[in-house]
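Please read the following account with the coordinates open beside it, moving from local backbone geometry to charged pairs, enclosed space and the arrangement of domains.

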Amino acid sequence: MKNSTSSQTDIYTNPLTSKKSGSLHGTLRVPGDKSMSHRALMFGALAEDETMISGLLEGEDVYNTAAAMRAMGARIIKGEDGLWRCFGQGIGNLTEPSDVLNMGNSGTSTRLLMGIVAAHPITACFTGDKSLVNRPMGRVITPLEQMGATFLSRAGGRLPLAIKGTEDAKAITYKLPVASAQVKSAILLAGLNARGTTTVIENHPTRDHSENMLRHFGIQVTVEKTDANADAISITGGQRLLGCAIDVPADPSSAGFPVVAALINEGSDIHLPRVGINPRRIGLYETLIEMGADIVFDKKKIEAGEPIATISVKSTGSLKGITVPPERVPSMIDEFPILAMAAACANGTTYMTGLAELRVKESDRLLMVAQGLKACGVNLEMGDDWLTIHGTGKPPQGGATIETALDHRIAMSFLVLGTATEEPITIDDGSPIKTSFPNFIELMTEMGACFDFSN
Ligand code: S3P
């Protein structure tokens, strides 16, 4: 199942090079939203009856979620019609996996599944690739321990770890110490099978796909404002998820790569249909528009509780540097690497602050972006949680080989930059791109982007 086409596998080589491409054009279908794809499979496995999923992201991270749900008893199949069908067994009925769950590169799969397992009377062991085993899991372990699960992990709550869930999980009220949809979701998912009402309080709104999709499966999720104007999101245990149909929209985070590619290559004009435009995901687009980009959301509608639109982009000359408001960070948390590429081509200085979470993503993204851009000739400064990029109004020189540290977004960001720089940009390893955007090279090539496969 993993290598759906051999041509896709073959071109995601290490290394991989992009080169000056000229203007980009076309109407292109970006793959399904990664956050929603994980959730559709997980919730389908917890539901009674059949869940039918169209538009699922067929990338490695999502395959890892599917494999884990199968290992815990769900039946998940892809039909000849291209639709995915998930036959769940109801909350509380997952079975103990007989082997270690290897979650590859996927933090979302790991953290959300830890929440699900915490409220089941089973033991599961999780591991992952070199990137995932360095990511902090303590942020999920702390609340799940309060709910009654027990953990054995490496130092600092790192994978590999074992979790022993409980059939008698306690509902808790938990104030998120970091703005994280993964932590919020893990707690709410444990709350589905806990005694009483579990409440998560978040000061900074993070993506709400779990809340929206759980409602779509028939679960009552309430959101109230606290005295401090935070959101208190609550779920009462003992409800049932009912199988349903889900049409996953295109991923606004993945769409960011062709969008910025179009913006930094003058004369470009592209259209991306059916992209999710959940207000908690579109910080990149708001920022690019403030930088002077011509981006239009057209044909807006709501599908499965989520807004979608066609995103149309025209390149009308250079962008301008701006200050990105720190309160916008959660709505563009995955988009700073690609924003940094746009900032490197913009006219003037772009100030980005509140970026501490970038240090604990698939790689230390702040460092990888700063290091890579410097190697391409960009003038910048970096601090613990901030980045300042001084653009000259034209793409930098390029001509560097970029370390990507198993990070798909670092890999795609620098390949995008390489379509506009004077000299080609090489990334050390293209293979992680398959975690989230398995046809990235094909789609970019279709737009007119140039790659060199001779390495
Ligand atoms: C995600 C939440 C974010 C994001 C990740 C996907 C999700 O992580 O970076 O790519 O699907 O809930 P955090 O919760 O760590 O911010």
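Ala405 sits in the loop between strand E24 (401–402) and helix H12 (408–418), and in this predicted model its phi is near 50°, a positive value in a residue other than glycine. Leu406 belongs to the loop between E24 and H12 as well, and the phi of Leu406 is near 60°, again positive in a residue that is not glycine. With a relative accessibility of 29%, Ala405 is classed as partly exposed, because the buried class ends under 20% and the exposed class begins over 50%. Leu406, at 29% relative accessibility, therefore also counts as partly exposed. Another backbone feature is found at Leu159 and Pro160, which are joined by a cis peptide bond with omega about -5°; Pro160 itself lies in strand E9, which covers residues 158–164.

The charged side chains come next. How many salt bridges does the count come to? The count comes to 28 salt bridges, and a few of them deserve to be followed in detail. Lys34 and Asp61 meet through their side chains in a salt bridge with an N to O distance of 3.5 Å. This pair links distant parts of the chain, since Lys34 is in helix H2 (residues 34–46) and Asp61 in helix H3 (residues 60–71), 27 residues apart. Lys34 and Asp61 are both buried.

A further salt bridge joins Asp208 to Arg280, with the closest N and O atoms 3.7 Å apart. Here, too, distant parts of the chain are linked, for Asp208 lies in the loop between strand E13 (197–202) and helix H7 (209–216), whereas Arg280 lies in the loop between strand E17 (269–276) and helix H9 (283–290), 72 residues apart. Asp208 has a relative accessible area of 15% and is therefore classed as buried.

In the pair formed by Glu303 and Arg274, the closest N and O atoms of the salt bridge are 2.9 Å apart. Glu303 is in strand E18 (residues 294–303) and Arg274 in strand E17, so that this pair, too, links distant parts of the chain, 29 residues apart. Why do Glu303 and Arg274 fall into separate accessibility classes? The buried class ends at 20%, so Glu303, at 17% relative accessibility, counts as buried, while Arg274, at 21%, counts as partly exposed. Salt bridges also form a network, which links Arg135, Arg207, Asp334, Glu362, Arg365, Asp407 and Arg409.

From charged contacts we turn to enclosed space. A search of the whole structure finds three cavities of 30 Å³ or more, and the second largest cavity has a volume of about 40 Å³. Which residues line the second largest cavity? Its lining consists of Asp33, Met36, His209, Pro249, Pro252, Gly276, Ile277, Asn278, Arg281, Glu306 and Pro307. Sorted by class, this lining has five nonpolar, three polar and three charged residues.

The last step is the division of the chain into domains. The domain assignment gives domain 1, made up of 8–32 + 249–452, and domain 2, which covers 34–246. The C-alpha centres of domain 1 and domain 2 lie 28 Å apart, and the contact between them takes 24 residues from domain 1 and 30 residues from domain 2.

Conventions
Residues numbered from 1 in each chain as written. Predicted model: local features only at pLDDT ≥ 70, side-chain atom pairs only at ≥ 80, totals over all residues. Heavy atoms only, no water. Salt bridge = Lys/Arg side-chain N within 4 Å of Asp/Glu carboxyl O. Helix = DSSP H or I, 4+ residues; strand = E, 2+ residues; numbered from the N terminus. Buried < 20%, exposed > 50% of the residue type's maximum accessible area, 1.4 Å probe, protein only. 1 Å grid on protein atoms, 1.4 Å probe; cavity = no way out; pocket = protein on both sides within 12 Å on 5 of 7 lines; lining within 4 Å. Points joined across faces, edges and corners; volume = space filled by probe spheres on them. Nonpolar A, V, L, I, M, F, W, Y, C, P; charged D, E, K, R; others polar. Domains from an automatic or database assignment. Contact = heavy atoms within 4.5 Å.
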